[in-house]
Amino acid sequence: MSVSQIKNLNRRLENLINEASSELDKLCGTQLWKSIGFEAFDGLADPGLRASANYYYGQFQTARELKDIFS
């Protein structure tokens, strides 16, 4: 990969991380999930909210891991 492709990929991954983080903040109503991880979602009573939180947390983790590899 060229340097410009890696920079572009890192920018896109950062956008995914920010989007997932923002959605998790909305779903949880707090940023507590950042310190304790997916255990924060166990307290969500609504199964739909819990499923959405798990989806966005997976997106967040995957994008962050890929960004670490390509940085």
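Visitor: How many helices and strands does the protein chain come to?
Guide: The secondary structure of the protein chain comes to 3 helices and 0 strands, and it should be said at the outset that this is a predicted model. Read from the N terminus on, the elements run α-α-α.

Visitor: Where does each of those helices sit?
Guide: Helix α1 covers residues 3-28, while helix α2 takes in residues 33-36 and helix α3 residues 47-70.

Visitor: And what box do the C-alpha atoms fill?
Guide: Taken along the principal axes, the C-alpha atoms of the protein chain fill a box of roughly 45 × 20 × 15 Å.

Visitor: What share of the residues counts as buried?
Guide: Of the 71 residues in the protein chain, 28% count as buried. As for the surface, the chain exposes about 4700 Å², and carbon and sulfur atoms supply 54% of that area.

Visitor: What about contacts between residues far along the chain from one another, say 24 or more positions apart?
Guide: If we take the contacts in the protein chain with a separation of 6 or more, residues 24 or more positions apart account for 55% of them.

Visitor: Let's switch to the rings. How many aromatic pairs are there?
Guide: The structure holds 5 aromatic pairs. One of them joins W33 and Y57, whose ring centres are 6.3 Å apart and whose planes stand at 85 degrees, so this pair counts as edge-to-face.

Visitor: Why does that pair tie together parts that are apart in sequence?
Guide: W33 lies in helix α2 and Y57 lies in helix α3, so the pair ties together parts that are 24 residues apart in sequence.

Visitor: Are W33 and Y57 buried or exposed?
Guide: W33 is buried, and Y57 is buried as well.

Visitor: How do the rings of Y57 and F60 sit?
Guide: The rings of Y57 and F60 have their centres 6.3 Å apart, with their planes at 25 degrees, so that pair is stacked. Y57 and F60 are 3 residues apart in helix α3, a separation of about one helical turn, and both Y57 and F60 are buried.

Visitor: Which residues do the ring pairs link into a cluster?
Guide: Ring pairs link W33, F41, Y57 and F60 into a cluster.

Visitor: What does S21 touch?
Guide: Not counting residues up to four places away in sequence, S21 touches W33, K34 and F60, and so S21 in helix α1 meets two members of the ring cluster, W33 and F60.

Visitor: Why does S21 count as buried?
Guide: S21 has a relative accessibility of 10%, and it counts as buried because that value is under 20%.

Visitor: Now for charges. How many salt bridges does the structure hold?
Guide: The structure holds 2 salt bridges. In one of them E14 pairs with K67, and the closest N and O atoms are 3.5 Å apart. E14 lies in helix α1 and K67 in helix α3, so this pair ties together parts that are 53 residues apart in sequence.

Visitor: Where is the salt bridge of K26 and E23?
Guide: K26 and E23 both lie in helix α1, 3 residues apart, which is about one turn of the helix, and their side chains meet at 3.4 Å, N to O.

Visitor: Why can side chains like these pair at all?
Guide: Side chains of opposite charge can pair when their charged atoms come close.

Visitor: How exposed are E14, K26 and E23?
Guide: K26 is exposed, with a relative accessible area of 60%, whereas E14 counts as partly exposed at 30% relative accessibility and E23 counts as partly exposed at 23%.

Visitor: How far apart in space are E23 and A53?
Guide: E23 and A53 are 7.9 Å apart in space, C-alpha to C-alpha, and 30 residues apart in sequence.

Visitor: How far apart are the mean positions of the positive and negative charges?
Guide: The protein chain has 8 positive and 9 negative charges, and the mean positions of the two groups are 9 Å apart.

Visitor: Last one: what is L16 in contact with?
Guide: L16 is found in helix α1, and, leaving aside its neighbours within four places in sequence, L16 is in contact with Q59 and A63. At 33% relative accessibility L16 counts as partly exposed, and the C-alpha atoms of L16 and S71, which are 55 residues apart along the chain, are separated by 15 Å.

Notes. Residues are numbered from 1 along each chain as its sequence is written. This is a predicted model: local features need pLDDT of at least 70, side-chain atom pairs count only at pLDDT 80 or more; totals for chains, interfaces and linings use all residues. Side-chain values use heavy atoms; hydrogens and water are left out. Helices (H or I, at least four residues) and strands (E, at least two) are DSSP runs, numbered from the N terminus. Buried means under 20% relative accessible area, exposed over 50%, partly exposed in between (1.4 Å probe, protein chains only). Contact means heavy atoms within 4.5 Å. Rings of Phe, Tyr and Trp (its six-membered ring) pair if their centres lie within 6.5 Å; planes under 30 degrees apart count as stacked, over 60 as edge-to-face and the rest as tilted. Accessible areas come from the Shrake-Rupley method with a 1.4 Å probe; for residues, only the protein chains shown count as cover. Lys and Arg count as positive and Asp and Glu as negative; His and the chain ends are not counted. The place of a charge is taken as NZ of Lys, CZ of Arg, CG of Asp or CD of Glu. A salt bridge is a side-chain nitrogen of Lys or Arg within 4 Å of a carboxyl oxygen of Asp or Glu.
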